Amino acid sequence: MTKPSMAERLEILADAAKYDASCASSGTTKRNARAGGVGSTEGMGICHSYAPDGRCISLLKILLTNHCVFDCHYCINRKSSNVRRARFTPQEVADLTITFYRRNYIEGLFLSSGIVKSADHTMEQIIETARILREEHDFRGYIHLKMIPEADAELVARAGFFADRVSINVELPTRAGLTRLAPDKSAPQIEGAMGGLRTAILDHQDARSRYRSAPEFAPAGQSTQMIVGADGASDADIVGRASGLYDRFGLRRVYYSAFSPIPDASAVLPLKRPPLIREHRLYQSDWLMRFYGYTPAEVQQATDAQGMLPLDIDPKLAWALAFRDKFPLDVNRASREMLLRVPGLGVRSVDAILASRRHRRIRLADLAKLAVSLAKIRPFIVTADWRPTSLLDRDDLRRIVGPRPSEQLELFAP
Ligand code: SF4
């Protein structure tokens, strides 16, 4: 069989990488090429592309190879999968990155790989790609490297000297799910590697706070990804797991990837993908914990008897409907912490309210300028000229404050 051309390999390996959701380039240090070198982690003119299912695949998001010696059931690249295989060398990926960067197609590189020969060999190839970019091309753009948790800990740690962000996928929300669907992987090994990265990141942050010459080490931190809907884990399970991962490993982000049925799927997988809105609700719950002060237990209180978040309303509204006794809140007196609980008020709106009420009493018309939907917040607040009477007691409150069927779902509705 003839070796695929460069363009064919690019097509195969970029397509194979689209299942990884963790591609945001936020949170790293600012660098640019004004003082020499190539690339920037900031600035305009950056191209993004999207997979047909709407997932962001910005950056040059690619696998070094889709050959793999593992057989994870949910993965299109597993060794028993009947897909076209391809492989790049580290030099080829580095050259592609530089070429695309100079054409302003991309802002950086997201590099992952199937496991070829061994975990150590694969990890070495990933690191070598980043080394060529940084040391031979003086590339200062964003690099996100996917770690192979089965590789030697020293290799995993070495990657942090070249990458802005490093990530290790926990893959499934539960250990039982991992054992069943990824029989070659081990939860303790994955978590051990994440713990090693956390220690290395903290050590280097400490060194840099004391010595300006200390090298940077994964300045954008580490992240992980969970597949949603491939096993029986409920949203409450997933929220609990994500919260534990943030606490234990100091993660910047937990990404969710709704399981997509793959060609020639294993019989142990569900036939249908979960609704994409489920992934969205989990991201909203993640925001509630990271920016709105909700504890994992409180987010879990917004789930139903099966531990699932409602799909028709956001988790913040679901929580408020379940705990109506906490409302209405007087926007002229309530604490920031409590105002953040009002459905329809986001962080920016709450901060604007706090700034404004130092000078005058807030009226309903003032909120109309700040809130996404006055109809949504009215039952939950008191202003200088408004107090809900029986709204909170109504059986149909959910219908009154929920989105109308025709309304677009807002990403990160407060
Ligand atoms: S190790 Fe990674 S690439 Fe290989 S089968 Fe598992 S998920 Fe797929």
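## Met 6 and the start of the chain

Let's begin with Met 6, which counts as partly exposed because it has 13 C-beta neighbours inside 10 Å, a count that falls between the 12 or fewer of an exposed residue and the 20 or more of a buried one. Met 6 has its place in helix 1, which covers residues 6–16. Along the chain, Met 6 and Arg 87 are 81 residues apart, yet 9.7 Å separates their C-alpha atoms. Please keep in mind as you look around that this is a predicted model.

## The protein as a whole

Stepping back, you will find 15 helices and eight strands in the protein. The protein has 414 residues, and buried ones make up 44% of them. If you take the contacts between residues at least 6 apart in sequence, 69% of them join residues at least 24 apart.

## Around the ligand

Which residues surround the ligand? The shell consists of Cys 68, Phe 70, Cys 72, Cys 75, Asn 77, Arg 78, Gly 114, Ile 115 and Ala 182. By character, this shell divides into six nonpolar residues, two polar ones and one charged one. Cys 68, Cys 72 and Cys 75 are among the residues of the shell, and cysteine counts as nonpolar here.

## Helix 3 and its surroundings

Helix 3 takes in residues 119–136, 18 in number. From its first C-alpha to its last, helix 3 reaches 25 Å, close to the 26 Å expected at 1.5 Å a residue. Its buried residues are Ala 119, Thr 122, Met 123, Glu 124, Gln 125, Ile 126, Ile 127, Thr 129, Ala 130, Ile 132 and Leu 133. Covering these buried residues are, among others, helix 2 (90–102), strand 2 (108–112), strand 3 (142–146) and helix 4 (153–159).

The loops on either side of helix 3 deserve a look too. Before the helix, in the loop between strand 2 and helix 3, sits Lys 117. Lys 117 is not a glycine, yet its phi is positive, near 60 degrees. Is Lys 117 buried or exposed? Lys 117 is exposed, because 11 other C-beta atoms lie within 10 Å. Just after helix 3 comes Asp 138, in the loop that leads to strand 3. Asp 138 also has a positive phi, about 55 degrees, although it is not a glycine. With 12 C-beta neighbours inside 10 Å, Asp 138 therefore counts as exposed.

## The largest nonpolar core

The largest nonpolar core holds 104 residues, and the ones that touch the most other members are Ala 130, Leu 145 and Ala 159. Helix 3 supplies the largest share of this core, seven residues. The core draws at least three residues from domain 1 (6–294) and at least three from domain 2 (315–401).

Leu 145 is a good place to zoom in. Leaving aside neighbours within four places in sequence, Leu 145 is in contact with Leu 111, Ile 126, Ala 130, Ala 159, Ala 163 and Val 166. Two of these partners, Ala 130 and Ala 159, appear beside Leu 145 in the list of residues touching the most other core members.

## Helix 7 and its cover

Helix 7 has 15 residues, 235–249. It reaches 21 Å from its first C-alpha to its last, close to the 21 Å expected at 1.5 Å a residue. Which residues of helix 7 are buried? They are Asp 235, Ala 236, Ile 238, Val 239, Ala 242, Ser 243 and Phe 249.

The cover over these buried residues includes helix 6 (187–210), strand 5 (222–228), strand 6 (253–258), helix 8 (276–291) and helix 9 (296–301). Following helix 7 is Gly 250, with a positive phi near 55 degrees.

## Helix 10 and a cis peptide bond

Ala 318 lies in helix 10. Why does Ala 318 count as buried? The reason is its count of 24 C-beta neighbours inside 10 Å, since 20 or more make a residue buried. Not counting residues up to four places away in sequence, Ala 318 touches Ala 302, Leu 309, Pro 310 and Ile 313. The C-alpha atoms of Ala 318 and Thr 303 are separated by 7.9 Å, and the two residues are 15 apart along the chain.

Beyond helix 10, the loop between helix 10 (315–322) and strand 7 (329–330) contains Pro 328. Do look at the peptide bond from Phe 327 to Pro 328: it is cis, with omega near 0 degrees.

How values were computed. Residues numbered from 1 in each chain as written. Predicted model: local features only at pLDDT ≥ 70, side-chain atom pairs only at ≥ 80, totals over all residues. Near = placed C-beta within 6 Å. Helix = DSSP H or I, 4+ residues; strand = E, 2+ residues; numbered from the N terminus. Expected span 1.5 Å × (residues − 1). Contact = placed C-beta atoms within 7 Å. Core = buried A, V, L, I, M, F, W, Y, C linked by C-beta atoms within 7 Å. Domains from an automatic or database assignment.
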